[in-house]
Amino acid sequence: MVTGSVRPGRRSLEVAAWVKSLADARGDADFEILDLADFDLPVFAEPASPSVAPPESEAGQRWSRAVEGYDGYVFVVPEYNHSVTGALKNAIDYLSPELQDKAAAFVSYGAVGGARAVEHLRGILSQMQMAHVRATVSLSLFHDFENFSELAPTGPVVQSVGPMLDQLLRWTRAMAAVRGGEFDAEEGSEAAA
């Protein structure tokens, strides 16, 4: 799970820990939290695009190594100004092959559940060649946080975590097959419309 904020007072680490506790209770996959605040990434200023060459900076290399070992990701996304945070977008800019042909899911929060941030993140991750699942977990600042600060998810939000993880794990397995060469569009005889 990738936290989407680094600012003091953020809720992304708390939300990630909550989702991780529910995911761990299932016992069908191993989950870890990658906290962006632990990486201290400077504004992306690498000499080459990550699709051409790996990061040269120590922070970029450390982030790249941390991300590349996972098969799927849950992005915990707060909505800032109708979009993703600058910290999350910056962190993604350091990556390319680390995310290609992998699966992503979203847990978002904000005044409207973080929906606009997720929509923007879907476009960004599509460019990164990631498969993102439809089921999301959306936390409202008005209903799922007491006094807009203490995490207190409502029943429907808690119930939305399972379907999101189900889809993520299916897509994670499917994308592992793609990365492993088990599916090759040129060899297949599948019909496409």
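## Overall size and fold

With 193 residues, a compact globule would have a radius of gyration near 16 Å; the protein chain has 17 Å, so the two values agree. The model is predicted. Along the principal axes, the C-alpha atoms of the protein chain fill a box of roughly 55 × 40 × 30 Å.

The protein chain holds five helices and six strands. Read from the N terminus, the order of elements is β-α-α-β-α-β-α-β-β-β-α. Thus the run opens with a strand and ends with a helix.

## Helices α3 and α4

Helix α3 covers residues 86-93, and helix α4 covers residues 115-127. They pack at an angle of about 5 degrees. Their axes lie 11 Å apart. Angles under 35 degrees count as roughly parallel, and α3 and α4 are therefore roughly parallel to each other.

Which residues make the contact between α3 and α4? From α3 come Leu-88, Lys-89 and Ile-92. From α4 come Leu-121, Ile-124 and Leu-125. By class, this contact has five nonpolar residues, one charged residue and no polar ones. Lys-89 is in α3.

## The cavity

A search of the whole structure finds one cavity of 30 Å³ or more. The space in this largest cavity is about 30 Å³. Its lining consists of Val-2, Trp-63, Val-67, Tyr-73, Phe-75, Ile-92, Leu-95 and Leu-99. Two elements give two or more residues to that lining: α2 (58-68) and β2 (72-78).

How does the lining of the largest cavity divide by class, into how many nonpolar, polar and charged residues? Eight are nonpolar, none is polar and none is charged. Ile-92 belongs to the cavity lining, and Ile-92 is also one of the α3 residues that meet α4.

## The largest pocket

The largest pocket has a volume of about 240 Å³. Its lining has 14 residues. Nearest the centre of this pocket lie Asp-30, Phe-31, Tyr-70, Asp-71 and Gly-72.

Both β2 and α5 (155-179) supply at least two residues each to the lining of the largest pocket. Strand β2 also gives two or more residues to the lining of the largest cavity. By class, the pocket lining has nine nonpolar, two polar and three charged residues.

## The second largest pocket

The second largest pocket holds about 180 Å³ of space. It is lined by 13 residues. Ser-51, Leu-95, Ser-96, Gln-127 and Met-128 lie nearest its centre. Leu-95 also appears in the lining of the largest cavity.

Which elements give two or more residues to the lining of the second largest pocket? They are α3 and α4. Helix α3 gives the most, with three residues. By class, this lining has five nonpolar, six polar and two charged residues.

Technical notes:
Residues are numbered from 1 along each chain as its sequence is written. This is a predicted model: local features need pLDDT of at least 70, side-chain atom pairs count only at pLDDT 80 or more; totals for chains, interfaces and linings use all residues. Side-chain values use heavy atoms; hydrogens and water are left out. On a 1 Å grid over the protein atoms alone, a cavity is a set of points where a 1.4 Å probe fits but cannot get out, and a pocket is an open set with protein on both sides within 12 Å along at least five of seven lines; lining residues have an atom within 4 Å of a point. Grid points are joined across faces, edges and corners, and a volume is the space filled by probe spheres set on the points. Helices (H or I, at least four residues) and strands (E, at least two) are DSSP runs, numbered from the N terminus. Ala, Val, Leu, Ile, Met, Phe, Trp, Tyr, Cys and Pro count as nonpolar, Asp, Glu, Lys and Arg as charged, and the others, Gly among them, as polar. Axes are lines fitted to C-alpha atoms, for helices over the stretch in contact, and angles run from 0 to 180 degrees between N-to-C directions. Angles under 35 degrees count as roughly parallel, over 145 as roughly antiparallel, 65 to 115 as roughly perpendicular and the rest as oblique. Contact means heavy atoms within 4.5 Å. The radius of gyration is taken over C-alpha atoms; the globule rule is 2.2 Å times the number of residues to the power 0.38.
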